[in-house]
Every structure is written in structure tokens, then in C-alpha cells.
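Here is a walk through one chain, from the overall picture down to a few individual residues. Have the structure open while you read.

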Amino acid sequence: MTVVTGAPANGGSCVAHHEGRVVFVRYALPGERVRVRVTADRGSYWHAEVVEVIEPSRDRTDSLCPIAGVGGAGCCDLAFATPEAARVLKAQVVANQLQRLGGFDWSGADAGAEQLSGSGPTGWRTRVRLEVGPDRRPGFHRYHSDALVTDLRCAQLPHGMLDGIAANVTRADLPPAAQLHVAVDDDGRRHVVRTVRQGGRIATKVVEGGYEAVQRVGERSWRVPVTAFWQAHRDAARVYTSLVAEWAQPAAGMAVWDLYGGAGVFAAALADAVGRAGRVLTVDTSRASTRAARVALADLPQVNVVTDSVRRALASQRAGADVAVLDPPRAGAGREVIDLLAAAGVPCVVHIGCEAASFARDIGLYRGHGYVVDKLKVFDAFPLTHHTECVALLTRARRRP
């Protein structure tokens, strides 16, 4: 069918209409006339993808990723938009989600999402995971598919990051359904770790380099397992840490909660600010990440590293906190955790979210407890894709005991 696309929707599509039915169109920009193929029927709405651009937007450009697009890899789903236009689209999506799900009107959409660095939209990713197909060749998934694209020239990756990956790994190292985790650390060293599920456990083998990658923020170093979480964009950890410290304004003697804290990057900066008289609780469910945190922060006695769910950790706290920093996974923090924060009387929260809808929902939950959004930034932390990173500063008057 032929449709004219409208506003961008969360998830990387644009909204169109056909005979009264909503159509979410991938690989389109607002205001384009396109021929599309329906890929999924959800009853009241369809999903579709572009097969021909009849009247292109002036913001459309030749794809910056040679393997993405219709029938290609699902990696760079906005590689056909100019970087400037993509940043505006991302900000518009966040603003729409905040209004619909959070009841909050954000005025910053017209300025677009902020860049993490001025180095451009390509070559920013330092960690990537590849799947191994039945032919024992590693590749990227096609969009919402088990099929793989074995051309590894994704534009998110720095030049040479995956050179020789397939050739350097023997067939014994690449059983079907295995995954290859590849990281280039802050020493410029490449690490490749293979994981494969065997029964009820995951077997791990170092193929190249080491199991841990050296990562640095400021003067402090971490040794983080290649299979554990670390920010994908090379500049993200530095930028977010600086912003968290600026917005949270931790002072000597304060109590701070670093929730979903991973390897403790934020905890390190917060601990420096609160000093030996303060206390920092950093919590994450990942044993690998919290183990890295304990090693990296061993010289900071004011830091307590806990391996547990955030919900259980908060429920066990007898004293509150002056500041809480949250960096939850894509699903967000959710009602139960935010209820616990509010019940503890935390007056200042810095909340980070990497998915627009869950971030907006969480903002609405905070506002329901009387928190006010003092500041909000949206970062183009994943160039060439529809994904963003959002950061909000929320404050509420401290309740009297």
C-alpha cells in the first residue's frame, strides 16, 4: 500500500493511516510518501516497512551503515536520516512519551537530543555481542528475527574492531547458538569471550585477550568482565558521571544510594564527594559487576557494595538517604522501587533511563509522590539508532520525622 507518514513513534517507526487503521512504518521519516509492506497484523494496527520511497523527506540521506535497513541487520535503524534530524526525532519521541505516560510537558524537544561527543555518529561503540548461526558464522540479527547478517561492517563499530573475528575462532569455539562478546577497552586492547548455554548453565571461554576489560573514568580504573555491563558509547560513562555529580550535589557526610549501580562508576564519584564521614550504598543484581565494584572501590571504606535486587535492598534499609541515583535497565525502575524511595523520604533523585516509554512512566510515578522535575536532558547516546538516554533531576521537600 502507499501511505504518507506522520509523527515519529517510540521504537523507531513513523505513524501512518490506511483506511482508518494505524500503521507503524519502519525506515521512514515524517512527511514521506512511501510504499510499504505489512509485516505484522495486530488487529487495530499494523506494522510495516518501506519498500519504496516515492516522495522523500529532505532529512533523508544515503545510509551511513552498509548492512542496516530493510532485509538487513537490525543494528542502525535510523542510519538513513541525517544525524541532525535523527536527534530532533528522538527528542520529539521522548517529549511525546513524557506527556502521555508521565503527565509532564518537556519543552526541550525542538533543540534535539544532545551529542555525547563531537566525534560524529559512527564508530562510537566499544562493546558488541554477536550471535553464531547454524553455519557457525557470527553475525547480527535481522530486525525481530533469528536470521543473521554475517557481514560485520556495522557503522556503530570503530574501524577494525571485528577484523578477523570469524577467521581467528575455530569451529570448536563457535557451536551454533553461541554468542561472542567483543570489547575494545581503554588500553586499546581487544577481548573476545564466547558464551554458550549448556543445560542450565552458561559456559564461558576466553577466545582472545582476557575475560576482563580495563575501563577508566577520570583517574580510576575498573576491570570489568567482557560479558558484564559497561556503557556502549566510549564517552557515556564519563559524561554521565560528571552530570550525576553536578546534579546530585553530594556533600561531605551525606548518605547516597547508587541503585542499579553496575560496577560502581557513579558510586566512585559520589564517594569522593561525601568523604569518609558519608556513606554510599551501591546495589546491583549482577555478581560480575558488583565483584568489579568491590575491587575498584576497595580504597573507599564509605562504599558498601551489595549484590541483590534493588527492591530487596531498599526494603532492608533502616535509614534513608539524602540522594538516590538510579540507572535501571530498559524496563525502568517501576512502581515498587519508586514507592520505596518515596516512603524513605529521599529528597533528591537523579534518574537515568535508556527507553523512552519506561522512563516517562517512571517520571509519572515520581510526580505522583510529589516530586518535581527540576532538570531533564536527552542524549543521543546510540547514534544511527532510535535509542536515547534520558536523565532527570527530581526533587521533593524532605518530610519532617
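What follows starts with the whole chain and then moves to selected regions and residues.

## The chain as a whole

First things first: this is a predicted model. The secondary structure comes to eight helices and 21 strands. For 401 residues, a compact globule would have a radius of gyration near 21 Å, and the chain has 22 Å, so the two agree. Laid out along its principal axes, the C-alpha trace spans about 65 × 50 × 40 Å.

As for burial, 54% of the 401 residues count as buried. The chain exposes about 18200 Å², with 47% of that supplied by carbon and sulfur atoms. Long-range contacts show up too: of the contacts with a separation of 6 or more, 59% are between residues 24 or more positions apart.

## The start of the chain

An unreviewed UniProt entry puts the feature "domain: TRAM" at residues 1-52. In the model, this stretch is 0% helix and 62% strand. Its end C-alpha atoms sit 10 Å apart.

## The annotated binding-site residues

The unreviewed UniProt entry also has a "binding site" feature, placed at Gln231, Tyr260, Asp284 and Asp327. Take Gln231 to begin with: you'll find it in the loop between β14 (220-225) and α3 (236-248). Is Gln231 buried or exposed? It counts as buried, at 11% relative accessibility, since the cut-off is under 20%. Leaving aside neighbours within four places in sequence, Gln231 is in contact with Thr126, Ala236, Ala237, Tyr240, Asp327 and Glu389. One of those partners, Asp327, is itself on the UniProt list.

Tyr260 is in a loop as well, this one between β15 (255-259) and α4 (265-274). Tyr260 is buried, with a relative accessible area of 18%. Beyond its neighbours within four places, the contacts of Tyr260 include Asp284 and Asp327, both of which belong to the UniProt binding-site feature. Others that Tyr260 touches are Val283, Val310, Leu326, Pro328, Pro329, Ala333 and Val337.

## Around β15, β16 and α4

Now for the elements on either side of Tyr260. β15 and β16 run parallel and are joined by five bridges. Within this pairing, Val256 stands opposite Val280 in β16. Strand β16 covers residues 279-284, and five of its six residues are buried, so the strand is largely enclosed by the rest of the structure.

α4 is mostly covered too, with seven of its ten residues buried. Those are Val265, Phe266, Ala267, Ala268, Leu270, Ala271 and Val274. Just after α4 comes Gly275, which takes a positive phi of about 70 degrees.

## The loop between β6 and β7

Ser117 lies in the loop between β6 (114-115) and β7 (127-132). What does the side chain of Ser117 make polar contacts with? One partner is the side chain of Ser119, at 2.9 Å, and another is the side chain of Asp235, at 3.1 Å. Ser117 is buried, with a relative accessible area of 17%. Setting aside neighbours within four places in sequence, Ser117 is in contact with His233 and Asp235.

Gly120 has its place in the loop between β6 and β7 as well. With a relative accessible area of 23%, Gly120 is partly exposed, because that value is not under the 20% needed to count as buried. There's a long-range relationship here too: Gly120 and Pro383 are 263 residues apart in sequence but 8.5 Å apart in space, C-alpha to C-alpha.

## Arg367 in α8

Last stop: Arg367, found in helix α8 (residues 356-368). Arg367 is partly exposed, with a relative accessible area of 35%. Leaving out neighbours within four places in sequence, Arg367 is in contact with Gly102, Gly103, Phe104 and Val373. The Gly103 contact has a polar side to it: the backbone oxygen of Gly103 lies 2.9 Å from a polar atom of the Arg367 side chain.

For a further point of reference, Arg367 and Val391 are 24 residues apart along the chain, and their C-alpha atoms are separated by 15 Å.

Technical notes
Residues numbered from 1 in each chain as written. Predicted model: local features only at pLDDT ≥ 70, side-chain atom pairs only at ≥ 80, totals over all residues. Heavy atoms only, no water. Helix = DSSP H or I, 4+ residues; strand = E, 2+ residues; numbered from the N terminus. Buried < 20%, exposed > 50% of the residue type's maximum accessible area, 1.4 Å probe, protein only. Polar contact = N/O pair within 3.5 Å; in protein donor to acceptor, adjacent residues only side chain to side chain. Contact = heavy atoms within 4.5 Å. UniProt positions renumbered as here; feature names shortened; annotations may be inferred. Rg over C-alpha atoms; globule rule 2.2 N^0.38 Å. Areas by Shrake-Rupley, 256 points an atom, 1.4 Å probe, with all protein chains shown as cover. Pairing = 2+ DSSP bridges.
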